[in-house]
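I opened this notebook to record what I looked up in one structure. The entries follow in the order in which I made them.

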Amino acid sequence: MTRQDQPDKVMVELIKIGKSYPPDIEALKDVSLTVAKGELLFLTGLSGAGKTTLLRLLCRIEHPDRGLVEIDGMDIGKLPGKKMQHLRRRIGIVYQDFKLLPGQSVARNIALPMEITGRQKSFIRKQTRTLLERLGLKGKKNTRAGDLSRGEQQRVAIARALCNKPDLILADEPTGNLDTKNSERVMDLFNEHRNRGATIMIATHDSRLYGLGEHRVVVLANGYIIGAGIKRELLQTEEALHE
Ligand SMILES: Nc1ncnc2c1ncn2[C@@H]1O[C@H](COP(=O)(O)OP(=O)(O)OP(=O)(O)O)[C@@H](O)[C@H]1O
Ligand SMILES: [Mg+2]
């Protein structure tokens, strides 16, 4: 599917994206990708392949050197600050390094994006409680985020990304520190958000995650997309990279 076919069904459109870092690291050389509304898409590839860079371009944390990034039909390179701020509120981001406020409680970390979007106190309380329960963090509400284990911090980061029911979820290695049970909890939540219509892009090395279910897997290498398809053939492409 392309934007030309069905413009209102496309959530993410990348056209011929190039992105370098100084002095001369070409993280992405020529990447084009269309993601439909409601799609769950996995982004994989070796360490350094450009997965995080790609996700960061989608929320304008990074800017491409060339090419076009469109989210829900909007060219984000041209969006004025206010409109970008509005769009950012529709995006839930799980950062690879979590980016929690270490001195604040777990509950406060999760509540913050909901407070920013003006949610009612009762909604915030309920959402926080539900997410903590669903992610196996029930007793941790008042713990300082900085005192949590890495796996617990990762789950708080996931709760924070999901609390506002975003239209687009960008999750960077969201299960990198989690055991199987917690990875399943996370995938169950992602699938529920997908069922309500959210678009989800997950960067991961974890083939257990993308090995189940029907969804596209996109493989990045050397700044290009070298394969895209449903899981089985992509698992082979990914394995070939490690040989
Ligand atoms: N801020 C930066 N400054 C310089 N180089 C960078 C920067 N961010 C990323 N890079 C480089 O760009 C390339 C792509 O990095 P990126 O973090 O996107 O890869 P990745 O696929 O997410 O890797 P990983 O699986 O290890 O998370 C790497 O060579 C990396 O060293
Ligand atoms: Mg990364």
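Entry one. In this predicted model, I looked up which element gives the most to the shell around ligand 1, and I found that α1 does, with three residues. I noted that α1 (51-58) and β2 (25-36) each supply at least two residues of that shell. I then listed the residues surrounding ligand 1: Y21, I25, A27, G45, S47, G48, A49, G50, K51, T52, T53 and Q96. I sorted the residues of this shell by character and recorded seven polar, four nonpolar and one charged.

Entry two. I turned to the peptide bonds. I recorded a cis peptide bond joining P22 and P23, with omega at about 0 degrees. I located P23 in the loop between β1 (10-21) and β2.

Entry three. I looked up backbone angles next. I found that D72, although not a glycine, has a positive phi of about 45 degrees. I placed D72 in the loop between β4 (66-71) and β5 (74-75). I asked whether D72 is buried or exposed. I entered D72 as partly exposed because it has 18 C-beta neighbours inside 10 Å, and a residue is buried only from 20 or more and exposed at 12 or fewer.

Entry four. I also noted N222, a residue other than glycine whose phi is positive, near 50 degrees. I located N222 in the loop between β9 (216-221) and β10 (224-230). I counted 13 C-beta neighbours inside 10 Å for N222, so I entered N222 as partly exposed.

Key
Residues numbered from 1 in each chain as written. Chains lettered and ligands numbered in written order. Predicted model: local features only at pLDDT ≥ 70, side-chain atom pairs only at ≥ 80, totals over all residues. Near = placed C-beta within 6 Å. Helix = DSSP H or I, 4+ residues; strand = E, 2+ residues; numbered from the N terminus. Nonpolar A, V, L, I, M, F, W, Y, C, P; charged D, E, K, R; others polar.
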